[in-house]
Amino acid sequence: MSNLVQRLEITAHPQLEKSLGYRGDSRWVAWRWEPEIDQLISSDGKTVGTGNNMAWLVFLQHDLVDPAVQKYNLGEGDRYWLLLDTATRNLYVGEGKTVQSLLEQPESLALLACLDGGNADRQTAETWQQTLSQLTATPVVSHLKNALPFGIAAALIGALGVGTGLWVVPAVQQKLAEKTAFISPISPAANCGLDGSDDFSAYIGSSSGNKELHLIGVYEANADHGNRNYLSKSALAKPSKRIEIKVERRNKPIILALSAYEPVQWNITAEPGAVIEKIIVNGYHKQTVSGVSGIPIEEHSYEETGNYIGDFIYKWGATAESSNTSSLVTKLEQINRTSLTSFQGCYRGTSFTIK
């Protein structure tokens, strides 16, 4: 067991992830409840999607599950996430930032699986089928059986065993229809290879407010900075290097934050329907923005304005997650009064897409 995540004393049925609405093929997947939109969210480190609310409720209140997870408040808050190893069927609980960080570092999760003994503690499907048969006797399912037509109730009761898809009572279905499904803004088209550094890093947060905050961070756009003297005014004449930013996202108005240590020319392309509320650039050397007009641009570069907002992060990790008020992420969230929706970055980048 790790101090970062706690292994539960229960293991997962082979169809659990499908029952909760996850259709990906990653070995590790986590779920959290997003209270601001009353929605179950899944994440596997590469994609984020919505899950099956009613199945989540049935799962958490099952006689075997409830005692193991009750103290984590998984049905109401988003501090703790449930993590599943689909190979061993082991279940874990950890704080959200820790689980998200682990999902982005498969080698750490592989070590965790080895330390926990692989398949040694896996329950058989037959055992789970027997325990699931007890589900009809639990108060929550008895209530659901009284409230729902028999066919729907039967599907709910069997959900954790056979994974039937999305089955919700009309009131829940209508409520979910009124919510905007959160689609991952991270695109695999980010170019950190070739002339880039091939070390792409990303983080996906939530999109619960009336606007979104997206941050793209690099150290540089090109390794060739020429002969320069950092201590002289001639540094101001260093040629900027270009990075292409494509904004396709149409969910909500976007605040676009761009950060680099070296001089960068950020060339922005906004697809029809995408609304960029403002652009914030953070840098040590001068940063420039091209490709768009009529959008407020706030420049914070030490070389040009004498100040910068925060750290020049290009990899999501300890620095980005720090609670230190001088960190770039914390400052951006404070200035814009909204949580970070996504981060993309690498040491040397050439193109990124917010989709």
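User: Hi! Over how many bridges do strand β9 and β16 pair?
Analyst: This is a predicted model: local features need pLDDT of at least 70, side-chain atom pairs count only at pLDDT 80 or more, and totals for chains, interfaces and linings use all residues. Residues are numbered from 1 along each chain as its sequence is written, and side-chain values use heavy atoms, with hydrogens and water left out. Helices (H or I, at least four residues) and strands (E, at least two) are DSSP runs numbered from the N terminus, and two strands pair if DSSP finds at least two bridges between them. Strand β9 (residues 241-247) and β16 pair in the parallel sense, and the number of bridges is 4.

User: Which residue is the bridge partner of V247 in β16?
Analyst: The strands β9 and β16 belong to an open sheet of 4 strands, in the order β13-β11-β9-β16, with parallel pairing. The edges are β13 and β16 (351-354), each pairing on one side only. Within β16, the residue bridged to V247 is I354.

User: Nice. Which strands stand at the edges of the sheet that has 6 strands?
Analyst: This sheet is open and mixed in its pairing, with the order β7-β15-β8-β10-β12-β14. The edge strands each have a single partner strand, so one side of each is left without a neighbour in the sheet: they are β7 (201-204) and β14 (297-301).

User: And which residue of β12 is the bridge partner of S259?
Analyst: Let's start from the strand pair. β10 and β12 pair in the parallel sense over 7 bridges. In β12, S259 has as its bridge partner N282.

User: What angle does the direction of helix α13 make with that of β8?
Analyst: Helix α13 (residues 328-336) packs on this sheet, where it touches β8, β10, β12 and β15 (340-348); contact means heavy atoms within 4.5 Å. Axes are lines fitted to C-alpha atoms, for helices over the stretch in contact, and angles run from 0 to 180 degrees between N-to-C directions. Between α13 and β8, the angle is about 145 degrees.

User: Which residues of α13 are buried, and which residue with positive phi follows α13?
Analyst: Here buried means under 20% relative accessible area, exposed over 50%, and partly exposed in between (1.4 Å probe, protein chains only). In α13 the buried residues are L328, V329, T330, L332 and N336. With a positive phi near 55 degrees, the residue after α13 is R337.

User: Let's look at the rings. At what angle do the planes of Y219 and Y261 lie?
Analyst: The search covers the whole structure and finds 13 aromatic pairs. Rings of Phe, Tyr and Trp (its six-membered ring) pair if their centres lie within 6.5 Å; planes under 30 degrees apart count as stacked, over 60 as edge-to-face and the rest as tilted. Y219 and Y261 have their ring centres 5.1 Å apart and form a stacked pair, because the angle of their planes is 5 degrees.

User: How many residues apart in sequence are Y219 and Y261?
Analyst: Y219 sits in strand β8 (residues 212-220), with a relative accessible area of 22% that makes it partly exposed. Y261 lies in the loop between β10 (254-260) and β11 (264-270), so the pair ties together parts whose separation in residues is 42.

User: How far apart are the ring centres of Y284 and Y302?
Analyst: Y284 is partly exposed at 26% relative accessible area, and Y302 is also partly exposed at 43%. Y284 is in the loop between β12 (276-283) and β13 (287-290), while Y302 is in helix α11 (residues 302-305), 18 residues apart. The planes are at 20 degrees, so the pair is stacked, and the distance between centres is 5.1 Å.

User: Which residues form one aromatic cluster?
Analyst: Both stacked tyrosine pairs described above are part of it. The full cluster consists of Y219, Y261, Y284, Y302, Y308, F312, Y314 and Y347.

User: With which residue does the side chain of R7 make a polar contact?
Analyst: R7 lies in strand β1 and counts as buried at 17% relative accessibility. A polar contact is a pair of N or O atoms within 3.5 Å; within protein, one must be able to donate a hydrogen and the other to accept it, and residues adjacent in sequence count only if both atoms are side-chain atoms. At 3.1 Å, the R7 side chain contacts the side chain of N90.

User: How many of the residues of strand β1 are buried?
Analyst: Strand β1 (residues 5-11) runs antiparallel to strand β6 (residues 90-95), joined by 4 bridges. β1 is largely enclosed by the rest of the structure, because the buried count out of its 7 residues is 5.
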